[in-house]
Amino acid sequence: MPLFNSPEPSFDAVVIGAGALGLCAAAELRRRGRRVAVVDPGGVNASAVAAGMIAPAMECVIDDLSPEAAGVLRRARALWPVFAEATGVRLYGDLAEWRGGNVAELASRMKTLGFEHHYDAASASLTTHEDAKVDPPQALAALARGLTVIEAQAQGVSLDGQGWRVETTAGAVRADHLILATGADPALEGLPPEARATVACITPIRGQIGLVKEKLVDHVVRGPGAYVAPMGEGSVIGATMEPGERSVVPDAARCEAMLMAAWKMLDQTPRPLTIDWRAGVRGTTPDGLPMAGQVASGLHVALGPRRNGWLLGPLVGAVVADATEGRPVAEPTLHPSRFL
């Protein structure tokens, strides 16, 4: 039975997708006084299968990013304190640590990129106070607060003289602006060619994590093959990066290898833990940075953050919101035109 009665409800913007990028964009638009609806089928998405890292320093050195890409992540991090306060997202933790492996090389990269850090060669430890984190369940709930969330599957879109029409399993909705935050999903029916070409740039990458009720660490600890981070009253163990994989069924062998790497990194003897292993599929672009901005009249994208969706959410949201208002592009590095 349709959720809506005729006439079709209308909004200033409709966001398709309730992951980190979609909800950050919707929350930013709402902060600016816009009437926003979010269409999402519900359930656990890739942003929920995450540790919630807001970690420009560690992510930049682990992936050996260029100074230009590091600048994007640094600018994204700078937006988080104000954004978190405005939306009710709990931002916490200012200590992140790397133990073992190529720690000297990582410390050198961190120095080159200008991130605050401390390197202890004797203990093979690298720490920084530039990173933080959120807890995805709390953050997703906070970002959705006050939004019109339509729990339905988007089936297709069309553009007419009244703007964008989104057909969903709960009925149709209309908006002046449509924002695609559809992760690694295929292109929706009815999208114009330039939007389809943009979505085609996205490839899937699977990540697996384990949720543990026990508190294993009091700050983020990373090392070869695994990380362990606080999560609510417990911990999270992560994470794999599996390009091209779309299955959301956890792989027992990979999860076990990740757990063993975590115990080694923590220098602890393995012991029984009750672990809720989860797998999620996120989207990535050819250069690993997201695509954000307008691709057609009234049509915008917020796609492809790789594993940095939580870090980049407020920045992507601001870029999309600016685009709906016809403002100059604040972060041209992220515009989809770089691939088209």
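## Helix H5 and what follows

Just after H5 comes Gly146, a residue with a positive phi, near 90 degrees. Keep in mind as you look around that this is a predicted model.

H5 itself spans residues 136-144, and its buried residues are Pro136, Ala139, Leu140, Ala142 and Leu143. Viewed down the helix axis, these buried residues fit within an arc of 165 degrees, so they line one face of H5. A bit of helix geometry helps here: an α-helix has 3.6 residues a turn, so residues three or four places apart point the same way. The cover over the buried residues of H5 includes three helices, H1 (20-31), H3 (67-87) and H8 (309-324), along with strand S14 (226-231).

## The nonpolar cores

Which members of the largest nonpolar core touch the most others? Among its 68 residues, they are Trp80, Val89, Leu143, Trp310 and Val316. Val89 is worth a closer look: setting aside neighbours within four places in sequence, its contacts are Trp80, Ala84, Val134, Gln138, Ala139, Ala142 and Leu143. There is also a second, separate core of 30 residues, with Ala154, Val157, Leu188 and Met291 among them.

## How H1 meets H3

Helices H1 and H3 pack with their axes 11 Å apart, at an angle of about 75 degrees. The range 65 to 115 counts as roughly perpendicular, and H1 and H3 are therefore roughly perpendicular to each other.

On the H1 side, the residues involved are Cys24, Ala27, Glu28 and Arg31, and they meet Val82, Phe83, Ala86 and Thr87 of H3. Sorted by class, this contact of H1 with H3 comprises 5 nonpolar, 1 polar and 2 charged residues.

Notes
Residues numbered from 1 in each chain as written. Predicted model: local features only at pLDDT ≥ 70, side-chain atom pairs only at ≥ 80, totals over all residues. Heavy atoms only, no water. Buried < 20%, exposed > 50% of the residue type's maximum accessible area, 1.4 Å probe, protein only. Helix = DSSP H or I, 4+ residues; strand = E, 2+ residues; numbered from the N terminus. Arc of directions from axis to C-beta. Contact = heavy atoms within 4.5 Å. Core = buried A, V, L, I, M, F, W, Y, C linked by side-chain atoms within 4.5 Å. Axes fitted to C-alpha atoms, helices over the stretch in contact; angles between N-to-C directions. Parallel < 35°, antiparallel > 145°, perpendicular 65-115°, else oblique. Nonpolar A, V, L, I, M, F, W, Y, C, P; charged D, E, K, R; others polar.
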